[in-house]
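Okay, thanks for squeezing me in. I'd like to walk you through a fold this morning, so let me put it up on the screen.

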Amino acid sequence: MTVSLNRGAARISTPPKEQPAQSAGSSVQQPPDKAESTPTQRPQRRDTFEQKVCTTVQAMTELAQPKPPSKDKGASTNKGASTSTASPASTSSTAPAGQPGKAPGKAQTTPGGTAKADKASSTPEDSPVDRAADKRTGRGWKNLTASILQSSDTDCGEAAIFTLKASKKYKPAEMTSQVMGWLKKKLQRSADELNNDSALKGKVQINLRDGTTPDEMGALLGKQGMKVTGHLVDTGGGRLDASLREGQMAVVLLDSNAVLPAHKRDRGNGLLHWVTVAGIDDGGQPGSAPVRYRVKDPAHGEYWIPAEQLDKAVKKAQKQHGSGGALLIDPEPYSEGKELALENLKHTQALGVGNGGASRRRTSLEAG
């Protein structure tokens, strides 16, 4: 017996032999979906064997070269391993991107970059929105994500200056220990130039080894091309909100422990500490939701806190350490040096004379 394949049709040829006569009503049943029928009558014993062979060959052929579904309504579509039907429960192609197997719905990217479902990310507590990003860009802040950590126990003020300076550039340098060391040396040269300038004699004497006073902060910001447009001793009552909404940034002297979110806070008092405030979420309209600030902390990374908490941290610094408050900052593209340093000093003395340099520093790997 010879079995051959011809474009999916199975043919079986056998040597001719005499066939016994059958009754007039006898006929040979062929598989319902076979391409050709064989009129030759065969004994029931051989017919059963040939049907099995034919069915097996046809199944193998369909696996190798699938045929379009039959239009015959009566044709059977159940062919075992040669066909498969995906049930709705097992279909994942309708799941939204980033959420395999979940029902479609809106997704929102959190600041952490993780897509969450509407229900998990719709509340402002879970997903703060920086309402002043466009305003800051309009004022000349080119990079809204710059955040630099301090590298020693006393250089939080320097790190805050570097964060503000990096925010003026589209692509600030990647911060490594070598780059941080180079920036600190460059800032020290600026401090030496200001200390040797006769116009600043008796107004400020910069010494960065034990932290950064408000006067030192203002003078160094001016040397780096940043203008202090105002100051706040009392940051509560919405006084800081208005400046942040207009796109200004602020550098704030406060208690290093009181400013932290509850899960990071220690008991007792902290130290005088500089942080940058760069962002506000007020629900999209003043008075529509509790106000929160985005804090860039040189010791603990970036986080959002209620406006009331920042104000309490400022007041605690004033009570425990004798200094505290906020300096409002704008980038100044056309002026820097001693003139701007002198202008900035008009706003710094109100904050006190304490050195900001919190010692509970964390490395960049621990920050967050």
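Let's begin with the sheet. It's an open one with six strands, in the order 5-10-6-7-8-9, and the pairing is antiparallel. At the edges you'll find strand 5, residues 226-232, and strand 9, residues 301-306, and each of those pairs on one side only. From one strand to the next, the twist averages 35 degrees. Lying against this sheet is helix 8, residues 307-321, which touches strand 6, strand 7, strand 8, strand 9 and strand 10. Its direction makes about 50 degrees with that of strand 6.

I should say right away that this is a predicted model. As for the whole chain, we've got 368 residues, and 41% of them count as buried. There are nine helices and ten strands. If you take the contacts with a separation of 6 or more, 68% are between residues 24 or more positions apart. The chain exposes about 20700 Å², with carbon and sulfur atoms supplying 51% of that.

Now, back to strand 10. What does it pair with? On one side there's strand 5, joined to strand 10 by six bridges and running antiparallel to it. In that pairing, K227 has D330 as its bridge partner. Then there's strand 6, residues 249-255, which pairs with strand 10, residues 325-331, over five bridges, again in the antiparallel sense. There, A250 is partnered with L328, and L253 sits opposite G325.

So how buried is strand 10? Seven of its seven residues are buried, so this strand is largely enclosed by the rest of the structure. As a reminder, side chains in a regular strand alternate between the two faces of the sheet. In strand 10, both faces are covered: one side has G325, L327, I329 and P331, the other has A326, L328 and D330, and all of them are buried.

One more spot in the sheet before we move on, and that's T276, over in strand 7. Is T276 buried or exposed? Its relative accessibility is 1%, and the cut-off for buried is under 20%, so T276 counts as buried. Leaving out residues up to four places away in sequence, T276 touches A160, T163 and L164, then M249, A250 and V251, and also R294, V295 and K296.

On to the cores. The largest nonpolar core has 37 residues, and the ones with the most contacts inside it are L221, V251, W274 and I329. Several elements give two or more residues to this core, including helix 4, helix 5, helix 6 and helix 9, along with strand 5, strand 6, strand 7 and strand 10. Which element supplies the largest share? That's helix 4, with seven residues. Apart from this core lies another one, of 24 residues, and I280, Y293, I305 and V314 are among them.

Last thing: two helices. Helix 5, residues 177-195, and helix 6, residues 214-223, both feed that largest core. Their axes come within 10 Å and cross at roughly 105 degrees. Anything from 65 to 115 degrees counts as roughly perpendicular, and therefore that's how we'd describe helix 5 and helix 6. The contact is made by L187, S190, A191, E193 and L194 from helix 5, and by A219, L220 and K223 from helix 6.

That's my tour, and I'm happy to take questions.

How values were computed:
Residues numbered from 1 in each chain as written. Predicted model: local features only at pLDDT ≥ 70, side-chain atom pairs only at ≥ 80, totals over all residues. Heavy atoms only, no water. Helix = DSSP H or I, 4+ residues; strand = E, 2+ residues; numbered from the N terminus. Buried < 20%, exposed > 50% of the residue type's maximum accessible area, 1.4 Å probe, protein only. Contact = heavy atoms within 4.5 Å. Areas by Shrake-Rupley, 256 points an atom, 1.4 Å probe, with all protein chains shown as cover. Pairing = 2+ DSSP bridges. Axes fitted to C-alpha atoms, helices over the stretch in contact; angles between N-to-C directions. Core = buried A, V, L, I, M, F, W, Y, C linked by side-chain atoms within 4.5 Å. Parallel < 35°, antiparallel > 145°, perpendicular 65-115°, else oblique.
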